[in-house]
Amino acid sequence: DYNWWWRSFLTSGFTAVYVFLYSGFYFVTELKISDGISRFFYFGYTLMVTFSLFLFTGTIGFLACFWFVRIIYSVNQIGLHEASIDQ
């Protein structure tokens with residue numbers, strides 16, 4: 001199943017969606033910005049930071065899953081090879 005690549009990337013990357021939603025909540029409840037250009041800059045920079053966070057955490061999650069799958073399959077192949085030698 002090759003879809004685990006995307007699933008591992010998106011699952012860990014969606015941490016950034018939570019951060020973006022929280023920044024919107026923080027904007028509404030705590031910040032008192034009324035100027036339109038300031039709002040644009042706030043959400044523009046927040047979007048850039050959260051996209052970078054999405055790529056960073058997605059990459060970390062993918063690499064961790066890739067490493068885990070490689071270790072599991074290498075152990076499994078060794079076990080299959082030893083079983084065939086014993087028979």
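I take buried to mean under 20% relative accessible area, and exposed to mean over 50%. The model I am reading is predicted.

**Helix H1, buried side.** I looked up which residues of H1 are buried and found Ser8, Phe9, Ser12 and Gly13. I then viewed H1 down its axis: the buried residues fall within an arc of 120°, so they line one face of the helix. This fits the general rule that an α-helix has 3.6 residues a turn, so residues three or four places apart point the same way.

**Helix H1, other side.** I checked the face of H1 turned away from the buried side. Trp6, Arg7 and Thr11 sit there as exposed residues.

**Nonpolar patch.** I searched the surface and noted a nonpolar patch of about 880 Å². Its members are Tyr2, Trp5, Trp6, Leu10, Phe14, Val17, Leu21 and Phe66. Trp6 is thus listed both in the patch and on the exposed face of H1. I asked which helices each supply at least two residues of the patch. They are H1, covering residues 4-13, and H2. H1 gives the largest share, three residues.

**Phe66.** I located this patch member in helix H3. Phe66 has 30% relative accessibility and therefore counts as partly exposed.

**Confidence.** I recorded an average pLDDT of 88 for the protein chain, with 85% of the residues scoring at least 70. Among the elements, helix H2 (residues 15-29) has the highest mean pLDDT, 96, and helix H3 (residues 36-86) the lowest, 86. I keep one general caution: where pLDDT is low, the predicted coordinates should not be read in detail.

Conventions. Residues are numbered from 1 along each chain as its sequence is written. This is a predicted model: local features need pLDDT of at least 70, side-chain atom pairs count only at pLDDT 80 or more; totals for chains, interfaces and linings use all residues. Side-chain values use heavy atoms; hydrogens and water are left out. pLDDT is the predictor's confidence in each residue, from 0 to 100. Helices (H or I, at least four residues) and strands (E, at least two) are DSSP runs, numbered from the N terminus. Patches are made of residues with over 30% relative accessible area and no salt bridge: like charges are joined within 9 Å, nonpolar side chains (Val, Leu, Ile, Met, Phe, Trp, Tyr) within 5 Å. Accessible areas come from the Shrake-Rupley method with a 1.4 Å probe; for residues, only the protein chains shown count as cover. A salt bridge is a side-chain nitrogen of Lys or Arg within 4 Å of a carboxyl oxygen of Asp or Glu. Buried means under 20% relative accessible area, exposed over 50%, partly exposed in between (1.4 Å probe, protein chains only). The arc is that of the directions from the helix axis to the C-beta atoms.
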